[in-house]
Amino acid sequence: LFGPTLVSNNVTEGSVFGRSFRSVTLTFSEAIDQASFGQTAVQLIDGNSSAINPGNIQFRRDGKQVQLTFAEQVPGAYTLRINQAQVKDLAGNAMGATSLDTHFTIKQFSVEWINPAGGNWATAANWSAGIVPIATDDVFIPVTSSPVVISSGTVTIQTLISNGPLTLSGGTLTLNGDSQINGVFTQSGFSTVTGPGKLILAGPFALVAGTMIGTGQTILQGI
């Protein structure tokens with residue numbers, strides 16, 4: 001008999017997170033036996049090979065989804081390790097006999113988005129520093145339920161890593177350094193992307209209207 005398989009994981013190989021990283025969400029093909037899913041079933045392994053257990057484990061969607069919450073971690077390279085022998089279905093069938101590892105990085109950004117619902121870029125309360133990012137800032141946007149929206153004005157930042165959806169519906173976004181958007185990037189209206197920084201669009205790109213100018217290269221990976 002076969003055990004459960006991993007359907008989705010919010011931590012992907014090579015992904016980057018800010019200091020706001022706390023939770024891991026795993027979705028499986030069938031309900032998981034909660035009694036056999038202990039504190040060491042899913043761990044973070046830091047750069048010193050030390051194992052970090054979650055502080056909280058919650059089961060959702062009739063036991064098919066597990067959300068694990070960890071304490072704040074220092075910047076560095078990490079491994080998300082699923083100990084497959086401890087992940088079993090209700091019949092006792094294990095996911096596997098070995099560990100399943102995913103490597104990711106936590107970086108120090110000068111400003112991070114903190115509104116999980118998305119919203120207006122120009123609203124200071126949406127940012128960790130309580131101010132809108134400026135030209136010297138390295139900016140991180142985690143996954144959000146709705147897009148972060150730039151609708152007008154001139155936004156100039158050093159770098160941008162966005163794991164969530166970003167919409168540029170007006171104004172100008174200037175990127176001085178190399179940046180990457182992993183979520184859906186939508187450009188519309190009288191909007192412009194410019195600057196010397198390279199922009200990697202790793203997620204879907206919806207170009208409704210607008211221009212891309214400047215010396216920076218745009219690389220489309222998500223189409």
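Buried means under 20% relative accessible area, exposed over 50%, and partly exposed in between, with a 1.4 Å probe and protein chains only. Strands (E, at least two residues) are DSSP runs, numbered from the N terminus. The model is predicted: local features need pLDDT of at least 70, side-chain atom pairs count only at pLDDT 80 or more, and totals for chains, interfaces and linings use all residues. Residues are numbered from 1 along each chain as its sequence is written, and side-chain values use heavy atoms, with hydrogens and water left out.

**Exercise 1. Sort the side chains of strand β20 by direction, then place β20 in its sheet.**

Step 1. Strand β20 covers residues 191-194. Ser191 and Val193 point one way. Thr192 and Thr194 point the other way. All are buried. In a regular strand, side chains alternate between the two faces of the sheet.

Step 2. Find the partners; two strands pair if DSSP finds at least two bridges between them. β17 (residues 171-175) pairs with β20 in the parallel sense over four bridges. Here Thr172 has Thr192 as its bridge partner. β23 (residues 211-212) also pairs with β20 in the parallel sense, over two bridges. Thr192 is matched there with Thr211.

Step 3. Write the order. The open sheet of four strands runs β14-β17-β20-β23, with parallel pairing. β14 (154-157) and β23 are its edge strands, each pairing on one side only.

**Exercise 2. Find the edges of the six-strand sheet.**

Step 1. The order in this open sheet is β10-β12-β15-β18-β21-β24, and the pairing is parallel.

Step 2. β10 (111-112) and β24 (218-220) each have a single partner strand, so one side of each is left without a neighbour in the sheet.

Step 3. Check the pairing at β24. Strand β21 (residues 199-201) joins β24 through three bridges in the parallel sense. Ile200 has Ile219 as its bridge partner in β24.

**Exercise 3. Describe the nonpolar cores.**

Step 1. Apply the criterion: a nonpolar core is a set of buried Ala, Val, Leu, Ile, Met, Phe, Trp, Tyr and Cys residues joined through side-chain atoms within 4.5 Å.

Step 2. The largest core has 26 residues. Phe21, Val24, Phe37, Leu68 and Phe104 have the most contacts inside it. Strands that each supply at least two of its residues include β3 (23-28), β8 (76-83) and β9 (99-106).

Step 3. A second, separate core has 21 residues, among them Trp113, Leu175, Val193 and Leu199.

Step 4. Take the contacts of Phe21, where contact means heavy atoms within 4.5 Å. Beyond its neighbours within four places in sequence, Phe21 is in contact with Val11, Leu44, Phe104 and Ile106.

**Exercise 4. Is Ala206 buried, partly exposed or exposed?**

Step 1. Ala206 lies in strand β22 (residues 205-207).

Step 2. Ala206 counts as partly exposed because its relative accessibility is 31%.

Step 3. Not counting residues up to four places away in sequence, Ala206 touches Phe185, Thr186 and Gln187.

Step 4. Ile82 is 124 residues from Ala206 along the chain, and their C-alpha atoms are separated by 35 Å.
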